[in-house]
Amino acid sequence: MRLFTPYNIGPVELRNRTIRSAAFEGMCKNNGPTQQLRDYHVSVAKGGVGMTTLAYASICESGLSFKTQLLLSQDNVRELRKITEEIHATGAKASVQIGHCGNMTHISTAGCIPVGATTGFNLYSPTIVRALQPDELHTLASQFGDAVVTARDAGFDCVEVHAGHGYLISQFLSPYTNRRKDQFGGSLDNRMRFLRMCMEEVMKAAGNDMGVLVKTNMRDGFKGGLEIEDCLTVAKEIEQLGAHAIVLSGGFVSKAPMYVMRGEMPIHTMTHYMKQLWLKLGVRMAGKWLIKSEPFKELYFLDDAREFRKEIKCPLVYVGGAVSREGIDKVLDREGFDFVQMGRALINDPGFVNHLRQGAERCDCDHVNYCIARMYSKDMVCHKHIDKLPRGIRKEIENIKRRDEKFRR
């Protein structure tokens with residue numbers, strides 16, 4: 001049984017094969033860490049994981065989508081070091097996900113007109129988007145390297161480069177968002193150019209003492225996006241560029257968001273926490289059309305991930321619906337993956353890994369996605385941890401449960 005055996009990501013040894021995935025916490029204030037962020041990740045570390053990952057940290061201001069998102073800057077190093085020191089005191093390792101949101105930003109958070117691979121319009125902000133110039137891409141690639149240096153200063157053991165889910169690197173990789181006519185567009189080889197530039201800077205900055213993971217898509221999850229054959233080519237390129245581990249995911253936040261997380265988006269819950277009246281009304285009217293449901297099943301990415309395990313030699317991290325001891329053992333022991341990442345299971349129960357060690361069979365998450373629906377306006381919290389929920393939210397949760405049970409039957 002691999003689950004509770006140590007294993008390395010590059011130069012970093014984890015005490016077991018579990019990693020808290022980089023699921024956005026929404027627990028920062030003015031893009032800096034808070035006591036709440038610290039308490040949550042320390043609770044996960046005390047709960048037994050091999051490594052916990054602070055999520056969705058932007059390499060620079062132009063990559064910020066939310067005020068509750070972490071900016072990985074030198075100004076935040078002191079408070080981040082308090083978090084990593086407490087994580088280390090439990091025996092766990094600490095990682096931080098680094099990326100740039102690209103066209104999924106807004107001038108109110110990014111401080112500039114949002115930028116991306118191609119000029120266009122982002123319906124989700126909503127905002128116009130400006131195509132990045134080649135000299136700006138070199139600057140951004142350097143900022144990925146700077147982010148690694150900052151992560152080291154803050155005491156992190158690893159960084160996870162976000163190259164999936166429709167954020168900036170992914171926007172260059174996908175033909176859906178990359179319609180450039182220069183050396184960064186056209187063929188897949190050209191579309192991987194920005195990824196190469198970023199990874200060269202990251203690996204140089206990581207040196208011999210930091211682990212580097214890369215999250216990448218196995219499919220974009222919609223017609224016109226990347227499919228598995230192209231994503232295999234991307235993963236092989238990431239391996240060649242020196243990544244110590246690859247996190248296999250899928251989906252595109254601006255086109256197929258629930259392909260990433262699966263299940264149904266609770267629209268009433270999502271709009272309940274929104275502050276802007278125009279956005280609240282717009283999402284209530286069009287949310288079901290914009291955010292297509294994707295049925296949840298345990299280990300929902302496994303079929304695609306097997307294809308990558310056949311062809312990729314470096315350590316692979318499985319993520320997606322790992323909620324039971326049986327499923328985790330299947331992924332690690334029978335399918336040959338090296339680590340398993342979990343998000344919602346550890347939002348529902350930060351002590352889940354210890355509970356597995358003590359004989360628990362599965363987590364208590366019911367996948368109604370309340371935590372996801374509120375994270376865009378507040379923090380990511382399981383509905384089972386809220387003492388009193390508004391009647392409309394409770395009703396929506398029960399309706400989603402009934403629909404899910406009907407689907408399973």
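How do the residues of the lining of the largest pocket divide into nonpolar, polar and charged? Keep that question in mind while we find the pocket in this predicted model.

The largest pocket holds about 1,100 Å³ of space. Its lining is made of 34 residues, and Phe66, Tyr124, Ser125, Leu279 and Tyr376 are the ones nearest its centre. Two elements, α3 (107-110) and α11 (277-290), give two or more residues each to this lining. Of the elements, α11 gives the most, with eight residues. Now for the opening question: the lining of the largest pocket divides into 21 nonpolar, eleven polar and two charged residues.

From here, follow Tyr124 to the second largest pocket, where Leu123, Tyr124, Tyr176, Ser254 and Lys255 lie nearest the centre. The volume of this second largest pocket is about 530 Å³, and 26 residues line it. Here α11 turns up again, since β7 (120-122), α9 and α11 each supply at least two residues of the lining. By class, the second largest pocket is lined by twelve nonpolar, ten polar and four charged residues.

Next come the enclosed spaces. Rolling a probe the size of a water molecule over the atoms shows where empty space is left. The structure holds five cavities of 30 Å³ or more, and the largest cavity contains about 540 Å³ of space. Its lining has 34 residues, with Ser21, Ala22, Ala23, Val260 and Met261 closest to the centre. At least two lining residues come from each of α9 (257-261), β13 (339-342), α14 (344-348) and α16 (370-375). The element that gives the most is α14, with three residues. Sorted by class, the lining of the largest cavity has 22 nonpolar, ten polar and two charged residues.

The second largest cavity holds about 80 Å³ of space. Two elements, α14 and α16, give two or more residues to its lining, and α14 has the largest share, three residues. Among the residues that line this cavity are Arg344, Ile347, Asn348, Cys365, Asp366, His367, Cys382 and His383. The class counts for the second largest cavity are six nonpolar, four polar and two charged.

Let us turn to a single side chain. Is Arg180, in the loop between α5 and α6, buried or exposed? Arg180 counts as buried because its relative accessible area is 11%, under the 20% cut-off. A polar atom of the Arg180 side chain lies 2.8 Å from the backbone oxygen of Leu132. The Arg180 side chain also makes a polar contact of 2.8 Å with the side chain of Asp182. Beyond its neighbours within four places in sequence, Arg180 is in contact with residues including Gly116, Thr118, Ala131, Pro134, Phe172 and Gly186.

The last stop is helix α8 (residues 228-240). At 1.5 Å a residue, its 13 residues should span 18 Å, and the end C-alpha atoms are 18 Å apart, so the two values agree. The buried residues of α8 are Ile228, Cys231, Leu232, Val234, Ala235, Glu237, Ile238 and Glu239. An α-helix has 3.6 residues a turn, so residues three or four places apart point the same way. The buried residues of α8 pack against α5 (168-173), α6 (188-191), α7 (193-206), β10 (211-217), β11 (245-249) and α12 (302-311). After α8 comes Gly242, with a positive phi near 105 degrees.

Technical notes:
Residues numbered from 1 in each chain as written. Predicted model: local features only at pLDDT ≥ 70, side-chain atom pairs only at ≥ 80, totals over all residues. Heavy atoms only, no water. Helix = DSSP H or I, 4+ residues; strand = E, 2+ residues; numbered from the N terminus. Expected span 1.5 Å × (residues − 1). Buried < 20%, exposed > 50% of the residue type's maximum accessible area, 1.4 Å probe, protein only. Contact = heavy atoms within 4.5 Å. 1 Å grid on protein atoms, 1.4 Å probe; cavity = no way out; pocket = protein on both sides within 12 Å on 5 of 7 lines; lining within 4 Å. Points joined across faces, edges and corners; volume = space filled by probe spheres on them. Nonpolar A, V, L, I, M, F, W, Y, C, P; charged D, E, K, R; others polar. Polar contact = N/O pair within 3.5 Å; in protein donor to acceptor, adjacent residues only side chain to side chain.
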